[in-house]
Amino acid sequence: MELRGLGYVGIGSREPEAWRHLGVDIMGLMPGDGPPTAEPGPLWFRMDERCWRVAVHPGEADAFMYAGWELPNRGAFEAGVDELQRCGVKVRRGSEALRATRGVADVAQFDDPFDNHHEIFYGAMIDETPFAAPHAGGGFVTDGVGMGHALYVVPSSSDALDFFVRIMGFRVTDEFAWGPFGAVFLHATPRHHSIAWIDLPLPGGPGLNHVMIEAASLADVGRAYDRAIDAKVPIVNSLGQHSNDPMLSFYVGAPGGFNVELGWNGLMIDERTWNVRTYTGRGELWGHRGDFMDSIAEAKDPAAP
Ligand SMILES: [Fe+2]
């Protein structure tokens, strides 16, 4: 599948105001009007010229609802639907109403083997009002690489490889081999990873662990970190740098039981010269102290002090 990265994400929320606070006041997203064709209701957040990149749907539950993976055009979209169906994946073609709500030319929905909801789409609507967010002066890194990445906790890395590599067409960038467990990072664009997973038994169980968005300016990340501390937003990983991407980032706990990572300067790879790497260490150059990395260390080695 000719994937062009993570195009958008959708979140369900009992308290959309909490998401407005986290998204706009802390992380620096721009509140948007959403697609002009959409039904009223969701909160829409912009990161660039697109009508939206993050939708918060008011509802009964706080939950990550869907990840939308972009394809470049109709031909690639139809080929993507065909490939999924050929591999036995149940695909639901988007209705007129769903296309209007997502603000795309076409969309199809399906689940991975772990019941996470995914969509493929093409033809996202552009908002001609220039992107401007008071807390993201430098903007976000999205051009040609998607809005960021999504990391899932999965019960089986081999089932995940089968689905996301063989069926969906992501390509492995690198992985951490921790005895029987591991973490795998995969790309579809120059972005080091658009999707990743860990097969550790982390608290909260399988499902989405975090979504990462990338600021173009280090100062925007630093100022967001200050705002998160001032607003007493739970910081589940302090500022730090992963060893593989090596993104400088921090993580906050979000409503819905997952985290949001705000990063800067993540590695962009050149597919033509890239060789898959294997790591065996902790995964950090420095920092990222807090509940999230602690839970990984604990799950890898429950006997450790
Ligand atoms: Fe991440």
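**Exercise 1. Find how strand 6 is joined to strand 7, and place the pair in its sheet.**

Solution. Start with the pair itself in this predicted model. Strand 6 and strand 7 run antiparallel, and 2 bridges join them. For a concrete contact, look at Arg-92: its bridge partner in strand 7 is Gln-109.

Now step back to the sheet. It is an open sheet of 8 strands with mixed pairing, and the order reads 2-3-4-1-5-8-7-6. Its edge strands are strand 2 (30-32) and strand 6 (92-93), and each of these pairs on one side only. That places strand 6 at an edge, with strand 7 beside it in the order.

**Exercise 2. Work out the strand order of the sheet of 10 strands and name its edges.**

Solution. This open sheet has the order 17-10-11-12-9-13-16-15-14-18, again with mixed pairing. The edges are strand 17 (277-279) and strand 18 (284-287), each pairing on one side only. From one strand to the next, the twist averages 20°.

**Exercise 3. Follow the neighbours of strand 14 and decide whether the strand is largely enclosed.**

Solution. Take one neighbour at a time.

- Strand 15: it pairs with strand 14 in the antiparallel sense over 4 bridges. A hairpin of 5 residues joins the two, and Asn-237 stands opposite Tyr-251 in strand 15.
- Strand 18: it is joined to strand 14 by 3 bridges, and the two run antiparallel. Here Gly-240 stands opposite Gly-287.

Now for burial. Of the 8 residues of strand 14, 6 are buried, so the strand is largely enclosed by the rest of the structure.

**Exercise 4. Trace a path from Tyr-251 to the iron ion.**

Solution. First, strand 15 (residues 248-254) pairs with strand 16 (residues 258-264) in the antiparallel sense over 7 bridges. Within this pairing, the bridge partner of Tyr-251 is Glu-261 in strand 16.

Next, turn to the metal. Glu-261 (OE) coordinates the iron ion together with His-149 (NE2) and His-210 (NE2), at 2.0 to 2.2 Å. Along the chain these donors follow the spacing H-x60-H-x50-E. His-149 in strand 9 (residues 148-153) and Glu-261 in strand 16 are 112 residues apart, and the pair links distant parts of the chain. Finally, check burial: both His-149 and Glu-261 are buried.

**Exercise 5. Describe how helix 4 and helix 6 lie against the strands.**

Solution. Begin with helix 4 (residues 157-167). The helix packs on the sheet and touches strand 10 (171-178), strand 11 (181-187) and strand 12 (195-198). Its direction makes about 165° with that of strand 12.

Which residues of helix 4 are buried? They are Ser-157, Ala-160, Phe-163, Phe-164 and Ile-167. These buried residues pack against helix 2 (74-86), strand 7 (106-111), strand 8 (117-122), strand 11 and strand 12. Just after the helix, Gly-169 takes a positive phi of about 95°.

Then compare the placement of helix 6 (residues 291-300). This helix lies across several strands, including strand 13 (207-215), strand 14 (235-242) and strand 15, and runs at about 80° to strand 14.

**Exercise 6. Locate Asp-115 and Lys-232, and classify each as buried or exposed.**

Solution. Asp-115 is in the loop between strand 7 and strand 8. Its phi is near 70°, a positive value in a residue other than glycine. With a relative accessible area of 60%, Asp-115 is exposed, because the cut-off for exposed is over 50%.

Lys-232 is in the loop between helix 5 (218-230) and strand 14. Although it is not a glycine, Lys-232 has a positive phi of about 60°. Its relative accessible area is 71%, so Lys-232 is exposed.

**Exercise 7. Classify Cys-51 and Cys-87, and give the disulfide count.**

Solution. Cys-51 has 4% relative accessibility, so it counts as buried. Cys-87 has 29%, so it counts as partly exposed. As for bonds, a disulfide is a covalent bond between the sulfur atoms of two cysteines. The count here is 0 disulfides.

**Exercise 8. Divide the chain into domains and describe their contact.**

Solution. The protein chain is divided into domain 1 (6-122) and domain 2 (148-300). Taken over C-alpha atoms, their centres are separated by 21 Å. In the contact, 29 residues of domain 1 meet 35 residues of domain 2.

How values were computed
Residues numbered from 1 in each chain as written. Predicted model: local features only at pLDDT ≥ 70, side-chain atom pairs only at ≥ 80, totals over all residues. Heavy atoms only, no water. Pairing = 2+ DSSP bridges. Axes fitted to C-alpha atoms, helices over the stretch in contact; angles between N-to-C directions. Contact = heavy atoms within 4.5 Å. Donors = N, O, S within 2.8 Å, 3.2 Å for Na, K, Ca; no water. Buried < 20%, exposed > 50% of the residue type's maximum accessible area, 1.4 Å probe, protein only. Disulfide = S-S within 2.5 Å. Domains from an automatic or database assignment.
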